[in-house]
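Hi,

Here is the structure I said I would pass on. Have a look at it first, and then read my notes below.

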Amino acid sequence: MSNADRHGLIAQVVRDSGRATVQELAELTGASEMTIRRDLDVLAAQGVLERVRGGARTLLLRGEEPPFALRAHEAVDAKRRIAAEISALIADGESVLLDSGTTCLEVARLLRERPVTVMPLSLQAIHLFAETPGPATLVVPGGQPRAAEGALIGPLTLASLAALRFDTAVIGCCGLTAADGLTAYDLDDAAVKKASIASSRRVIAAAGAGKLGHTAYAYVGPAALLHTLVTDSTADAGEVAALEAGGTVVRAV
């Protein structure tokens, strides 16, 4: 098991169980207890979990959005498949608005190698484009980053969106259902998503299977605003059918 796979498994176990001991994690992963202790120190430094005597416990309260550092370790292969499909839907020369979130960050890794114009809405994606200059043209919005999340929010972000028009917006989903539409965990994030959709001719939503059928706190808009949804093949078939009946094109990868 690679370090990344082991870290992802540890993060998931601690999140699901609430806490786990070094011994339990060593038995689960087949790694030594010394290796597990080092893993826990790394994950604690990233804000994924809290290190406690003999093991670790989750930082996530019931009903909260999982921290970015934790989500970055989850369903990585599925996120990369979704990102590849979204990249294939975008033509060279397009102007692209790229939402915050871990799946959209995977899209950024692909678009930085393409001759497109991209305005990312997260510090992580901006840094990614800036550190490895390529054929993509980077446009940086104003705004204030949400703590630990890196997502840009506030009046300066909304003003940047209002001043521009994009061919495509790639929107990350916190929750999506045919009945409740697109939702977010944060009111400021919901406002940015609304403005992103209003500034774009086409809207592609990126959502892993766990986001479908889930409703978060802040309402963004009806599912009919989405032209295309890219999800993974384990998505709930009933929810997919309901979204398709409402006019959204669903691509499961």
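**What I found**

Buried residues account for 50% of the 253 in the chain. Before you go further, keep in mind that this is a predicted model.

**The chain as a whole**

The secondary structure adds up to 10 helices and 15 strands. If you line the chain up with its principal axes, the C-alpha atoms fill a box of roughly 55 × 40 × 30 Å. The radius of gyration is 19 Å, which agrees with a compact globule, because a globule of 253 residues would come out near 18 Å.

Contacts often reach across the sequence: taking those between residues at least 6 apart, 58% join residues at least 24 apart. On the outside, the chain exposes about 11,600 Å², and carbon and sulfur atoms supply 53% of that. As for charges, there are 24 positive and 29 negative ones, and their mean positions are 3 Å apart.

**The sheet**

A good place to start looking is the open sheet. It has 7 strands with parallel pairing, and they run in the order β6-β5-β4-β9-β12-β14-β15. The edges are β6 (137-138) and β15 (249-252); each has a single partner strand, so one side of each is left without a neighbour in the sheet.

Which strands flank β14 in that order? They are β12 and β15. Strand β12 (residues 200-206) pairs with β14 (residues 228-231) in the parallel sense, over 3 bridges. In that pairing, Ile204 stands opposite Thr228 of β14. On the other pairing, β14 and β15 are also parallel, joined over 4 bridges, and here Thr231 stands opposite Ala252 in β15.

Now for the side chains of β14. In a regular strand, side chains alternate between the two faces of the sheet. You can follow this in β14: Thr228 and Val230 point one way, Leu229 and Thr231 point the other way, and all of them are buried.

**Just past β14**

Carry on along the chain and you get to Ser233, in the loop between β14 and α10 (237-245). Is Ser233 buried or exposed? It counts as exposed, because its relative accessibility is 55% and the cut-off for exposed is over 50%. Leaving out residues up to four places away in sequence, Ser233 touches Ala252 and Val253. With Val253 the C-alpha distance is 5.3 Å, although the two are 20 residues apart in sequence. Ala252 is also the residue opposite Thr231, so it is handy for finding your way around here.

**Two helices worth a look**

Helix α6 (residues 102-111) has 8 of its 10 residues buried, so it is largely enclosed by the rest of the structure. The buried ones are Thr102, Thr103, Cys104, Leu105, Glu106, Val107, Ala108 and Leu111.

The other helix is α9 (residues 187-198), where you will find Ser196. Ser196 has a relative accessible area of 1%, so it counts as buried. What does Ser196 touch, not counting residues up to four places away in sequence? The answer is Leu97, Leu121, Leu161, Ala169 and Ile171.

**The loops around β7**

Last, have a look at the loops on either side of β7. Gly142 lies in the one between β6 and β7, and at 26% relative accessibility it counts as partly exposed. Apart from its neighbours within four places in sequence, Gly142 is in contact with Leu152, Leu156, Thr157 and Ser160. His7 is another matter: its C-alpha is 34 Å from that of Gly142, and the two are 135 residues apart in sequence.

The loop between β7 (144-145) and β8 (152-153) holds Ala148, and Arg146 has its place there too. Arg146 is buried, because its relative accessibility of 16% is under the 20% cut-off. Ala148, at 76%, counts as exposed.

Both can be related to residues elsewhere in the chain. From Arg146 to Leu123 the C-alpha distance is 9.6 Å, with their positions 23 residues apart in sequence. From Ala148 to Gly47 it is 8.5 Å, and those two are 101 residues apart along the chain.

Cheers

Key:
Residues are numbered from 1 along each chain as its sequence is written. This is a predicted model: local features need pLDDT of at least 70, side-chain atom pairs count only at pLDDT 80 or more; totals for chains, interfaces and linings use all residues. Side-chain values use heavy atoms; hydrogens and water are left out. The radius of gyration is taken over C-alpha atoms; the globule rule is 2.2 Å times the number of residues to the power 0.38. Buried means under 20% relative accessible area, exposed over 50%, partly exposed in between (1.4 Å probe, protein chains only). Contact means heavy atoms within 4.5 Å. Accessible areas come from the Shrake-Rupley method with a 1.4 Å probe; for residues, only the protein chains shown count as cover. Lys and Arg count as positive and Asp and Glu as negative; His and the chain ends are not counted. The place of a charge is taken as NZ of Lys, CZ of Arg, CG of Asp or CD of Glu. Two strands pair if DSSP finds at least two bridges between them.
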